[in-house]
Amino acid sequence: MSRSPSPRPGGWSSPGLNTPYDTGGRTSPYPNGGSQNVTWASAQARSAEVKGYSGFQPRNQGFFSKHFRRISTSLPFSAEKEKTDRGRYQSNRVVQILNRVWRTILRRQRSFGLLLVIILSIVIFYVTPLHRAYRRSSFLGGGNKFVVILAANQGGGVMEWKGPREWAIERDSVKNKKKYTRKWGYELEIVDMSTKKRYAHEWRESWEKVDTIRNAMRKYPHAEWFWWLDTNTFIMEPTYSLQSHIFNHLKDITYRDINHYNPLNISHPPADEYLDPETRSAVGDGKSNSINLIIPQDCGGFNLGSFFVRRSVWTDRLLDIWWDPVGYEQKHMEWEHKEQDALEYMYTNQPWIRSHVAFINQRKVNSFPPGACGDGKDANIHYQEKDRDFLVNMAGCEWGRDCWAEMYNYRQLSNRLNRNPWEKFKDGISDTIKRRKESKKKDEKNKDKKGKQ
Amino acid sequence: MHFAMPPRKTSRPPPYAARQSRGFGIPPALRNILRDRSRGLVVLILGFFTLFWLLGGMSGGERSAVKNTIVGSGAPVVIVTTIDPTADLRWVERIKKNREDYAKKHGYATFFPSTADYPLKKSPPSWAKVPALRHAMTLNPTSQFFWYLDSTALIANPSISLQSHILDKSRLEKLMIVNEPVVPPDSVIKTFGNLKGDRIDVIVSQDKEGLCVNSLFVKQGEWAKYFLDAWFDPIYRSYNFQKAEAHALEHIVQWHGTILAKLALVPQDLFNSYVTGPASPKNGQYKDGDLIASFPGCDKEKRDCAEEMEPTLAKLEGKDKD
């Protein structure tokens, strides 16, 4: 008998790890007399050695290839069968039912696989951050076509010092937008709007909107739409995507003809005979792809607290002409809202602008809280909880209103409106308990009162 | 029972596999799918929807509210001259004829609006050229170039064609003066260096004092609307620019890159030679054979255009009769 130390199908066991093989103090895996240690594999290997077929290994000899089927069919229940009679008797019915379910699942392997794929893809696409990736991608979600420009630090800087409240407002506002843009795969550009005297022309102070939008366009060369947001805004419904809320039905949601709602009383369309038909048309060319600027109007005219601008040559021109030294020199005392007033002026006086501007209902993107534009009764302007408005702009809250309180209240409201079912369920239970406690207390009080009487 | 050998094939195989069904054949892969009736139904419905979707995507364009026109199918150039309604009628007729003859020769169009046609309010009548250009574009939506030629200028050499003289892409690229101060002698804003001839939308010249507005080309398009409307802004019109629209033009060209980037500066004698006035010292003076003989400012104050132009006009008209 040769004892060549060649590896067997069972393989060498390393010395010291597997004591039974080391009984004879040898390193050979096959001790002569150790019959108590004979396993099936070693016996087979031994006979193979005798036959001289050591290289040959029939199929289905491995443990897994032999038993895989049986394991897979009976895995959860094989343990159950080993149980004592008593246990088996008690769980028999349940086991039978479970077994039957398992069998039917196996029998319908195909539909089961489909179900598995669905569940797996839900996990992959919604639970993991992958959904951000596909919502961003240009061919699936298109999220990278949108950039949110958030103006932070407005009015701060050399002119004013920020207090803890201002910091808190800013933190809340930024957090809100970060969460929203992450959810939908948009870009978020937070810009510092603090008043710095950094222009060569000192008089250009605080007209940075144009430069900021231009910088953002340069920074995100693949983005199409840029959404400007002031600090004092809060996205109430983060479940609305910009695509489904606005851009998928741009033509229906916006209005080109300003006569639809015209607080500034701008005469539209331009009547001068020398203008071309497109400029003289009330709706431009009427196509949604010619819209390059979307502005909401509040009670006093255009509102640039929340507006959209699209990358286009037209926009380049608008951003270029928006600030002009002659206009600034003549009008900067009169134009206290800066870019906003300048835009109103240009819209009124330069007909080329009109055919590419569309307006959007204020409450679609820029609802006001009570206190701005009246005390909350205007159904065109003020936030309505029952309609689940998209965004609140606490415009003008720094002039005599409490910005922080407003921001806090709207944040709480937004959280409450957007609870998930589980949270709603929990809150419902705690509410009912509270109510019961209160009613009990009342009862007790009533009793006390009665007793005293 | 078993056979030792597989059965023999026929020794005369058919040249091609026999077709199983008549009519148009269904590819085997599809036939396999269609084997089952319910499956076939599903495939049919899906296919229908896909077709619907594809067709919908193709014809998904929205209808335009205004009629589309093709720029370039009309007269290649429209000559625009604004006429002062108080001017001498005989002289006006001769000016008009000067342009009409030239236009007829080369297949161009002409347009002679009155300065009183446009809502200038209190601003000087010379501003009328801006809305006049826009008006000409409205009336000739198929033309490409619009040449504003002031009534103080005469076309002195009608044999020159504008395309080969200035407007052709390669010709224009050769003519463009690059890196030249927009306002002489030392404006910090200089004309761009790397412009393509077919991307130019406005062609101007420069005399001794600055950009000339008595002869300029504007190309039809969205940019032209922007340029003309921005130029015509009431703020500029009411602002006390010393030379009205000429200074307003210099202002917007220097402050707004989207305008400068579309502007070509060409030598003055190409289409704006001065007979009298502050000609560019390099190439502004009128000489025989130049396209234009201009008498800038002859309509101002005590001067009389008709009188100043008389010798040149008479010579031109005499030539035509020959």
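What follows is a chat about a predicted model, covering a sheet in chain B, the interface of chain A and chain B, and some salt bridges.

Trainee: Let's start with the sheet in chain B; what is the order of its strands?

Mentor: In this predicted model, the sheet in chain B is an open one of six strands, which run in the order 2-1-3-6-5-7 with mixed pairing.

Trainee: And which strands stand at the edges?

Mentor: Those are strand 2 (109-111) and strand 7 (263-266) of chain B, and because each has a single partner strand, one side of each is left without a neighbour in the sheet. On average, and with direction ignored, neighbouring strands of this sheet are turned by 20° against each other.

Trainee: In what sense do strand 1 and strand 3 of chain B pair?

Mentor: Strand 1 (residues 77-80) and strand 3 (residues 145-149) of chain B pair in the parallel sense, over four bridges, and if you look at Val80(B), you will find that its bridge partner in strand 3 is Tyr148(B).

Trainee: Which strands does helix 4 of chain B touch?

Mentor: Helix 4 (residues 129-139) of chain B packs on the sheet and touches strand 1, strand 2, strand 3 and strand 6 (215-219), while its direction makes about 145° with that of strand 3. Helix 7 (residues 222-231) of chain B also packs on the sheet, touching strand 5 (202-205) and strand 6, and its direction makes about 135° with that of strand 6.

Trainee: Changing topic, how many residues of chain A are in contact with chain B?

Mentor: There are 37 residues of chain A in contact with 31 residues of chain B, and the two chains bury about 2900 Å² between them, with 58% of it on carbon and sulfur atoms.

Trainee: How many salt bridges are found across that interface?

Mentor: Three are found between chain A and chain B, and among the salt bridges is that of Glu278(A) with Lys225(B), where the closest N and O atoms are 3.8 Å apart.

Trainee: Which helix of chain A gives the most to the side that touches chain B?

Mentor: That is helix 12 of chain A, with six residues, and the residues of this side of chain A divide into 12 nonpolar, 12 polar and 13 charged.

Trainee: How many salt bridges does the structure hold over all chains?

Mentor: It holds 31 over all chains, including a salt bridge of Asp387(A) with Arg363(A), whose closest N and O atoms are 2.7 Å apart. This pair links distant parts of the chain, 24 residues apart, with Arg363(A) in helix 15 (362-365) and Asp387(A) in the loop between helix 15 and strand 10 (391-393) of chain A.

Terms used
Residues numbered from 1 in each chain as written. Chains lettered and ligands numbered in written order. Predicted model: local features only at pLDDT ≥ 70, side-chain atom pairs only at ≥ 80, totals over all residues. Heavy atoms only, no water. Pairing = 2+ DSSP bridges. Helix = DSSP H or I, 4+ residues; strand = E, 2+ residues; numbered from the N terminus. Axes fitted to C-alpha atoms, helices over the stretch in contact; angles between N-to-C directions. Contact = heavy atoms within 4.5 Å. Buried area = accessible area lost by both parts, 1.4 Å probe. Salt bridge = Lys/Arg side-chain N within 4 Å of Asp/Glu carboxyl O. Nonpolar A, V, L, I, M, F, W, Y, C, P; charged D, E, K, R; others polar.
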